[in-house]
Amino acid sequence: MFLVQSVIYNEFMQSFHPAKSFLLVCSIFLTASAPLMADPAVTIEGGWVRAVPPGYVNTAAYLTIKNPGASAVRVTGATATVAESVGPMITTEKKVNGQTVMGMEFVKELTIPAKGQLVLEPGGDHLMLMGLKKRLNEGDKVTLILNIEPGASRLEITLPVSRQQPAR
Ligand SMILES: [Cu+2]
């Protein structure tokens, strides 16, 4: 942060155009502060990512997100360096010719109620990791950055890779 500030100071002192300097300062500050905006109220419990057999390009992340705050927040997506994309999904159940067919669907967001929690677990809501860039083996760690709204917060979490739900 000191480095960024001294760069801004130098730019400001050298500039003959105050308005331009002001814009520059603003844009640097926005960029610099983005990773620091994670909502401290939201916490994570017991997360894991499912290990996949060779050839699988998708997997899922499961975790419990707790929101002690007085208003609801939403997970609108996530990023991970190990996957092309990460998105919130729900599990669906449809009757087709009298038979129950399980499926899943991407949704724009999942809500964590005020003073409540969102449980992402096998057979229920989850975060889908699409297009794995490497095989995830038991014992690996996967870092995810969750997008939390409102506030465009980023919450970085590191989850173990496991073949089944780890004992709590
Ligand atoms: Cu899914």
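Leaving aside neighbours within four places in sequence, Val 82 is in contact with Leu 132, Lys 133, Lys 134, Leu 136 and Val 142, contact here meaning C-beta atoms, placed from the backbone, within 7 Å. This is a predicted model, so local features need pLDDT of at least 70 and side-chain atom pairs count only at pLDDT 80 or more, while totals for chains, interfaces and linings use all residues. Residues are numbered from 1 along each chain as its sequence is written.

Val 82 sits in the loop between strand 3 and strand 4; strands (E, at least two residues) and helices (H or I, at least four) are DSSP runs numbered from the N terminus. Despite the loop setting, Val 82 counts as buried because 20 other C-beta atoms lie within 10 Å. The cut-offs are 20 or more other C-beta atoms within 10 Å of a residue's own for buried, 12 or fewer for exposed, and anything in between for partly exposed. Val 82 also comes within 8.3 Å of Thr 143, C-alpha to C-alpha, with 61 residues separating the two in sequence.

Stepping back to the whole chain, there are 2 helices and 10 strands, and both helices come ahead of the strands, in the order α-α-β-β-β-β-β-β-β-β-β-β. Of the 168 residues, 19% are buried. Among contacts with a separation of 6 or more, 65% link residues 24 or more positions apart.

Then there is the core. The largest nonpolar core holds 26 residues, such a core being a set of buried Ala, Val, Leu, Ile, Met, Phe, Trp, Tyr and Cys residues joined through C-beta atoms within 7 Å. Val 49, Ala 61, Ala 80, Val 86, Val 142, Leu 144 and Leu 159 touch the most other members. Two or more residues each come from strand 1 (43-50), strand 2 (59-67), strand 3 (73-80), strand 4 (83-96), strand 8 (126-132), strand 9 (141-149) and strand 10 (153-162). In soluble globular proteins, nonpolar side chains tend to be buried together. Beyond its neighbours within four places in sequence, Val 86 has contacts to Gly 77, Ala 78, Thr 79, Ala 80, Leu 127, Met 128, Leu 129 and Leu 144.

Strand 2 has several partners, pairing being called when DSSP finds at least two bridges between two strands. With strand 1 it runs antiparallel over 5 bridges, and there Trp 48 stands opposite Tyr 62. Strand 8 is joined to strand 2 by 3 bridges, again antiparallel, with Thr 59 bridged to Leu 129. Strand 7 (residues 116-119) adds 4 antiparallel bridges to strand 2, and Ile 65 has Leu 118 as its bridge partner.

How values were computed: Contact = placed C-beta atoms within 7 Å.
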